[in-house]
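The exercises below are meant to be worked through with the model open, each task being followed by a solution that proceeds step by step.

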Amino acid sequence: MAEVISMADIEASAMRLGVDFSQVDLDSIRLPPGEDFGIMSDDDYLYEEDKCEPEAGFENIIVVDNLPVVPLEKFERLEGVIRKIYSQIGLIKENGLWMPLNTGTQKTLGYCFIEYHTRQEAELAKEKTNGYKLDKGHIFAVNLLDDFERLIMKVSDEWAAPETVPYSSGENLQHWLVDEKARDQYFIRAGSDIEILWNDPRQLRAELVYQYPYVSYQTDQIWISFSVLHGEFCAVVPTWHILGHSSQEGHCCLGRCHNLKFLMHYAHPQVSLIDFSPGEKYLVTYSNHEPSNPRDMHRVVLNIFDVRTGKLMRIFKGSWEDFATGGIPEVSWPIFRWCAGKNDKYFARIGKNVISVYETESFTLIEKKSLKVENVMDCSWSPADSILALFVPELGGGNQPAKMSLVQIPSKEELRQKNLFNVNDCQMYWQCKGDYLAVKVDRYTKTKKSTYTGFELFRIRERDIPIESLELDNRNDQVIAFAWEPKGHRFAVIHGDNPRPDISFYSMQSNSNTGRISRLMTLKGKQANALYWSPAGHFIILAGLKGLNGQLEFYNVDALETMAMAEHFMATYIEWDPTGRYVATSVTSVHEMENGFHIWSFNGKLLYRIPRDHFLQFWGLAFLLILQFSWRPRPLSFLSAEKEEEIAMDLKKYSKKYETEDEGLSMLLSEQDREKRKMLQEEWDRRVTEWKQLHEEEKAYRQMLRDGEVSDAEEEYDEAKEVKVEEVLDVEEVLTTQE
């Protein structure tokens, strides 16, 4: 506003300036265009805008999309359902639920707005109900209204044609499967390098494919694994994965095996653990940290990403108590148990007296509720079917027995149940085709002072799922290891006392085919504490690892005979290749020597060995980096069982090509060996010639050293004579007294 001046002041100023104010026509005065010098006109108040304080935003409002489109007569019913769902999460403001109508059809538009009192309530509503399945055709998509506002601000008012991106064919990530030599790959991490190599048993060596120097040395915050962590399928997009932790933002990175090029990033601050679904469609990331917001009580955060797109499919947040399983006061990893198979259709987690089973179609609970199981301790999926095995321990001091149950998903029908008495603990072992389930049961004796072990074996494929009990000959034997034959009906048990326990082999089929368990063989006093079946079955390695110094026995279960005895000193890890043709033994613990790995044939022949002793200077101290070894898994065959059987019958026809190649390679290796021996012989002859020449040049010097003797032949020397020479070394006078 301009300063107000009275008329008297104006006349006084005119007299001072010598202006006759009476001659001035005030109406003729015009201000310059667009300038009012702060003088308000009489009607300016009509154009003066209200100075209202704008709202801080719409942070407490959510938009719920994918609602049913209903006519006016069903409006109140739908509104009541929506209000019931969202009023459980927070307090909705008065008139805070608005569901717009189409004025033409008088039907809802399929979305609504809900206003809470606080932003925290709105964020919680989004987290809890985004992806909520109202029915089969309506899955909620929930967002904050603030998010829409930010997106709208980024949209330009002017239309621009989308940029055309030229097509580029992607890399064939399974090219290695058509290797002409039918080789397999493996990777190792040792020292500061990550290496991917071909296993070339014909050449008795490894062929380097790629080497990637990793120089960050954050071995506690980065690790690598091939595409499968807990299954047998290869990934569609990746072939192996790298998990990295950045102190600034934190993320997971998905890498490509061929050139270690990163394919995808998955944002998760302070990520510390990862897990993949069996079919590798989904990636689970985990962090447990102090929240940045003091009001946020979510210490544990679990994200589930779509591996191919990187899209975040579901977030789980809570305290560690919310994710503790089976009464154990800590988080047991992995938290989610995935249903086996490449479809990744279901996953489950154990809660307090419940098992929550989710479907990946909507990432919501099946039938919107958890499976209530009082005091459930453990669960395990069948490797082949949507069957969940549950273990419930004894309750009421033994008045209520322990229970093993098999539950069909998604119907939640209980297929079989077995009550167990005097139970101390149970462990479940599925056969990889899901045909059998073995439950190792540790029971108390009558005095409750000791335990003994037995097995309950479920025949999943047979009618009514019959159960058989198996007890060892000596009930007091400790069970050290148990393992199913991957594609068969046999299993092996190590039992007894260390360091020389017994090993028994059993079959789920008897000679009379009565469906009873039969014992095949018991090997007495073996130095073994681990069992490793070949992926193809038939053969097994009886291994004495770590404290037993790497004793290895290659055993043919078909013939019940030992094929070879061997040793890899201090071995800590054994892994068969996916085909069952070769096996790797490695030292992966921190030792001052012997770190490395050996490659063996299936029958125990050592093909080659590669040492990997590398030290790392870290904070002024020397640490030996732990070696990591893993075979690259092969994908599931697309051939039918009939086609595989046909190929097996015609194997001789297909094998002729490879037999010819083997003969040619054998001849080549023989020729190479001859060339090598020839080179060694020539090198020996050259050195002998040089030695003779030097010997001749030093002849005069040798003659001088022999006092003129010409001959170098020792037998021509005169016989040496021994001459005694006495020499006084010291004289000392000692005074003695005479008694």
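**Exercise 1: Charged pairs**

In this predicted model, a salt bridge brings together the side chains of arginine 687 and glutamate 683, with an N to O distance of 3.0 Å. Determine how arginine 687 and glutamate 683 are separated in helix H7, and then examine the salt bridge that aspartate 200 forms with arginine 183.

*Solution.* Step one concerns the helix: arginine 687 and glutamate 683 lie 4 residues apart in helix H7 (residues 651–697), so about one helical turn separates them. This agrees with the general rule that an α-helix has 3.6 residues a turn, so residues three or four places apart point the same way.

Step two is accessibility, where over 50% relative accessible area is needed for a residue to count as exposed. Arginine 687, at 52%, therefore counts as exposed, while glutamate 683, at 28%, counts as partly exposed.

Step three turns to aspartate 200 and arginine 183, whose closest N and O atoms are 3.4 Å apart. This pair links distant parts of the chain, since aspartate 200 belongs to strand S10 (residues 193–200) and arginine 183 to the loop between helix H4 (145–154) and strand S9 (184–190), the two being 17 residues apart. Buried means under 20% relative accessible area, so aspartate 200, at 2%, is buried, and arginine 183, at 8%, counts as buried too. Both residues also take part in a network of salt bridges that links Asp179, Lys181, Arg183, Asp200 and Glu207.

**Exercise 2: A core and a helix beside it**

Which residues have the most contacts inside the largest nonpolar core, and which residues of H3 are buried?

*Solution.* Begin with the core, which has 21 residues, those with the most contacts inside it being Ile62, Val64, Ile82, Tyr86, Ile114 and Phe140. At least two residues of this core come from each of strand S1 (61–65), helix H2 (75–87), strand S2 (92–98), strand S5 (111–116), helix H3 (119–129) and strand S8 (141–144), and H2 gives the most, with 5 residues. Leaving aside residues up to four places away in sequence, isoleucine 82 touches Leu67, Leu97, Cys112, Ile114 and Phe140.

Next, take H3, in which Glu121, Ala122, Ala125 and Thr129 are the buried residues. Viewed down the axis of H3, these residues fall within an arc of 100 degrees, so they line one face of the helix. The elements that cover them include S1, H2, S5 and S8. Following H3 comes glycine 131, which has a positive phi near 90 degrees.

**Exercise 3: Strand order and pairing**

Establish the order of the strands in the open sheet that contains S37, and decide which strands stand at its edges.

*Solution.* The sheet has 4 strands, arranged as S37-S38-S39-S40 with antiparallel pairing. Strand S37 (530–533) and strand S40 (561–567) each have a single partner strand and stand at the edges, so one side of each is left without a neighbour in the sheet. From one strand to the next, the twist averages 20 degrees. Looking at one pairing in detail, S37 is joined to strand S38 (residues 539–544) by 4 bridges, and alanine 530 stands opposite alanine 543 in S38.

As a further case, consider strand S27 (residues 402–408) and strand S28 (residues 413–420), which run antiparallel and are joined by 7 bridges. Alanine 402 has leucine 420 in S28 as its bridge partner. The hairpin of S27 and S28 has 4 residues between the strands, and lysine 412 in this hairpin takes a positive phi near 60 degrees.

Conventions. Residues numbered from 1 in each chain as written. Predicted model: local features only at pLDDT ≥ 70, side-chain atom pairs only at ≥ 80, totals over all residues. Heavy atoms only, no water. Pairing = 2+ DSSP bridges. Axes fitted to C-alpha atoms, helices over the stretch in contact; angles between N-to-C directions. Core = buried A, V, L, I, M, F, W, Y, C linked by side-chain atoms within 4.5 Å. Buried < 20%, exposed > 50% of the residue type's maximum accessible area, 1.4 Å probe, protein only. Contact = heavy atoms within 4.5 Å. Arc of directions from axis to C-beta. Salt bridge = Lys/Arg side-chain N within 4 Å of Asp/Glu carboxyl O.
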